[in-house]
Amino acid sequence: MRSIHESDPRIDDLYRAWGDAFRRQDVDAVVALLTPDYALWAPGAPALSADELRPRLAAAFAAYEIIPTFECEERLVSGDLAFERGWDTQKLCPLSGGAIQSHRQRVFLLLRRCPDGVWRFARGILST
């Protein structure tokens, strides 16, 4: 098992693809980076699947340019699974103008290397 802050080029590719999909505001490309059984848990809300996330992304992209970043504090990789702990930051730039907002929250992620060899996000847990 590999541990804290060790870089993995294939996992790093996932984050680059995630940022690129957000820059293009491409909902399909974002969802393609999630496993079919993806689940996201946010405080006080039921889990969201990739299909349930899709309309939320579309609405967010209609209102904002979103610039995501992930500050990794810990990465544990074992076989086809990786756990990451860190901070998710989203810079929200309203398309209609106005003040830029920034949201930063603790996140715990489970990534899975899929049969095609590509790493995808499998689970996300957000904390305030």
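## A guided tour of the salt bridges and the fold

Select Arg-23 and Asp-20 to begin: their side chains form a salt bridge, with N and O 2.6 Å apart. The two residues are three apart in helix α1, so about one helical turn separates them. Colour this pair by accessibility: Arg-23 is exposed, at a relative accessible area of 53%, whereas Asp-20 is partly exposed, at 35%. Please note throughout that the model is predicted.

Move next to Gln-25, in the loop between α1 (9–24) and α2 (27–31). Its backbone deserves inspection, as Gln-25 has a positive phi of about 55° although it is not a glycine. The residue is partly exposed, with a relative accessible area of 28%.

Now zoom out and display the whole chain as a cartoon. Three helices and five strands should be visible, and along the sequence they follow the pattern α-α-β-α-β-β-β-β. The radius of gyration is 15 Å, close to the 14 Å that the globule rule gives for 128 residues, so the chain is as compact as a globular protein of that length. Along the principal axes, the C-alpha trace spans about 45 × 30 × 25 Å. Of the 128 residues, 38% count as buried. Among contacts between residues at least 6 apart in sequence, 54% join residues at least 24 apart.

For a pair that links distant parts of the chain, select Arg-113 and Asp-80. Their side chains meet in a salt bridge of 2.8 Å, N to O. Arg-113 belongs to strand β4 (residues 101–113), while Asp-80 sits in the loop between β2 (64–78) and β3 (81–94); the two are 33 residues apart. Both partners are partly exposed, Arg-113 at 28% relative accessibility and Asp-80 at 42%.

Continue to Asp-116 and Arg-120, where a further salt bridge places the closest N and O atoms 2.9 Å apart. Which of these partners is buried? Arg-120 is, at 15% relative accessibility; Asp-116, at 48%, is partly exposed.

Then select Glu-73, Glu-74, Arg-85 and Arg-106 together, as these four residues are linked in a network of salt bridges. In total, the count comes to 14 salt bridges.

Finish with the surface representation. The chain exposes about 7,100 Å², of which carbon and sulfur atoms supply 57%. Colouring by charge brings up 16 positive and 18 negative charges, whose mean positions are 1 Å apart.

Methods: Residues numbered from 1 in each chain as written. Predicted model: local features only at pLDDT ≥ 70, side-chain atom pairs only at ≥ 80, totals over all residues. Heavy atoms only, no water. Helix = DSSP H or I, 4+ residues; strand = E, 2+ residues; numbered from the N terminus. Rg over C-alpha atoms; globule rule 2.2 N^0.38 Å. Buried < 20%, exposed > 50% of the residue type's maximum accessible area, 1.4 Å probe, protein only. Contact = heavy atoms within 4.5 Å. Areas by Shrake-Rupley, 256 points an atom, 1.4 Å probe, with all protein chains shown as cover. Lys, Arg positive; Asp, Glu negative; His and termini not counted. Charge placed at Lys NZ, Arg CZ, Asp CG, Glu CD.
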